[in-house]
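Student: I would like to work through this structure with you, from the packing of its helices to the chain as a whole. May we begin once it is displayed?

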Amino acid sequence: MPERFTIDTLLHAFEPVLERLPEHRTGRNTTYTISDAVLSAFAVFFMQAPSFLAQQQTVQRQHGRNNAQTLFGVVQIPSDNQIRNLLDPLPPECLFPLFETGWQILQAMGILATFQTLDQQYLIALDGTQYFSSQNVHCDACTHTTSATGVTTYSHTVLLPMLVAPHQPHAIALAPEFITPQDGHDKQDCEHVAAKRWLTQHGPTFSSKTVTLLGDDLYSHQPFCELALAQQCNFILVCKPDSHATVYKWVNTLAALGGVSGLTQRHWNGRSGEVWTYRYVTEVPLRVEADPLHVNWCELTITDERDGRLLYHNAFVTNHAISDDTVAAIVAAGRARWKVENEGNNTLKTKGYHFEHNFGHGQQHLAAFLLTLILLAFLCHTLLDLLNTQYQLLRQALAARHTFFDDLRALTRYWVFDSWEQLFEFMIRGLELTPPT
């Protein structure tokens, strides 16, 4: 692994992946390579500029070269339609090794350890989100719903696993799992089933008992919990009363008998005092059917110290050993699940990635393939934010995210830079910043 992370680090990781992409064309029209199509699409998402390629074609005519070539390794820029046609037959799984590369880079550079909590556990939050919906455009990979009035809506949804931690402002994208009709199954695919597929495929890649899975109430049911344990993973999952009658029957019975443990802490939020009340029990059955899995249950209630107003309440089930010494850390880890929505999904949908925009639907894999490239751009930006001192300095100086990318787009529209390092150095000099050592 390199001593520091640059954009070229990830682009070099693209090379063996691109070499393995299948050549699906049968005719002689091979003017543009599939590699150029992949890198061109990635450049659009990295720059957060749908018009980036058109601008670089203009730059090419003016300067005889362009930034898609020098910064992203594109030999010839295909048109938008050519990119869609070249990428549509490619399954997104072709790109998944790049997510593993991101994990390895973080590990090699010592950053991965900073995400550990709960006695060196990595927290992986699971959450499904929709990225396409239409009543007209659809393909064989779409799921669909029909309303009572007979209107059919087609959609694409994806399970997004992300590495999170209570003390970390970043969420690290991992290989997604697309929710799509499965061969040999009559029922439509769903988030719960997709999560089982992801866990079966990727669970063995993690060291035994080093990963704790986080999820909402959808996941805290025996089949998923048993699969997590079989894959040597731990879990902390939201547990609500209306869907877990057995658990809460035991909790309420034990509470009446004085069998629920707990502790209270006072916290200051900067404006007023808060009362944090933890309750927990051990070894309660997750379901009423035969051979129930026994889990530990914990709950956090936060109230305003002045008037008793409820500020927060949630409860979780887990296989982690729970006590007065561990309950606060377990609940903090469980609450970190929200980071997949805040630092993950919300960033993708509102911070320039245009996650829900239809860049091209296709008839085979195009929508999923482009979505995977968006996730890789998000991963690359996160790695730069964690590991690249030039990027960190510029993002700190240009505090607003859109300002940084506006400057990137403007500079690459008028000048050609030989490398990302040269581009960042140009920006640092222009802003009169002290270059990082």
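**Helix packing, burial and backbone**

Tutor: Helix H13 (residues 389-397) and helix H14 (residues 401-414) pack with their axes 8 Å apart, at an angle of about 115°. Axes are lines fitted to C-alpha atoms, for helices over the stretch in contact, and angles run from 0 to 180 degrees between N-to-C directions. Helices (H or I, at least four residues) and strands (E, at least two) are DSSP runs, numbered from the N terminus. This is a predicted model, in which local features need pLDDT of at least 70, side-chain atom pairs count only at pLDDT 80 or more, and totals for chains, interfaces and linings use all residues. Residues are numbered from 1 along each chain as its sequence is written, and side-chain values use heavy atoms, with hydrogens and water left out.

Student: Which residues make the contact of H13 with H14, and how do they divide into nonpolar, polar and charged?

Tutor: Contact means heavy atoms within 4.5 Å. H13 contributes Tyr391, Leu394 and Arg395, and H14 contributes Arg401, Phe404 and Phe405. Ala, Val, Leu, Ile, Met, Phe, Trp, Tyr, Cys and Pro count as nonpolar, Asp, Glu, Lys and Arg as charged, and the others, Gly among them, as polar. The contact residues therefore divide into four nonpolar, no polar and two charged.

Student: Is H2 largely enclosed by the rest of the structure or open, and what span should its residues have?

Tutor: Buried means under 20% relative accessible area, exposed over 50%, and partly exposed in between (1.4 Å probe, protein chains only). Of the 14 residues of H2, 13 are buried, so this helix is largely enclosed by the rest of the structure. The expected span of a helix is 1.5 Å times one less than its number of residues. For helix H2 (residues 34-47) the end C-alpha atoms are 20 Å apart, in agreement with the expected 20 Å.

Student: Where is Thr372 placed, and which residues does Thr372 touch?

Tutor: Thr372 lies in helix H12 (residues 366-387). Its relative accessible area is 0%, so Thr372 is buried. Not counting residues up to four places away in sequence, Thr372 touches Pro92, Leu95, Phe96, Phe99 and Phe178.

Student: Is Ala228 buried or exposed, and which residues does Ala228 touch?

Tutor: Ala228 belongs to helix H8 (residues 222-230). With a relative accessible area of 0%, Ala228 is buried. Leaving aside residues up to four places away in sequence, Ala228 touches Leu199, Leu213, Cys233 and Phe235.

Student: What phi does Gln232 have, and where is Gln232 placed?

Tutor: Most residues other than glycine have a negative phi. Gln232 is not a glycine, yet its phi is positive, about 65°. Gln232 is partly exposed, with a relative accessible area of 36%. Its place is the loop between H8 and strand E9 (234-238).

Student: What phi does Glu283 have?

Tutor: Glu283 is found in strand E11 (residues 273-285). Although Glu283 is not a glycine, its phi is positive, at about 55°.

Student: What radius of gyration does the chain have?

Tutor: The chain comprises 15 helices and 13 strands, and 51% of its 437 residues count as buried. The radius of gyration is taken over C-alpha atoms, and the globule rule is 2.2 Å times the number of residues to the power 0.38. For 437 residues a compact globule would have a value near 22 Å, with which the chain agrees, at 24 Å.
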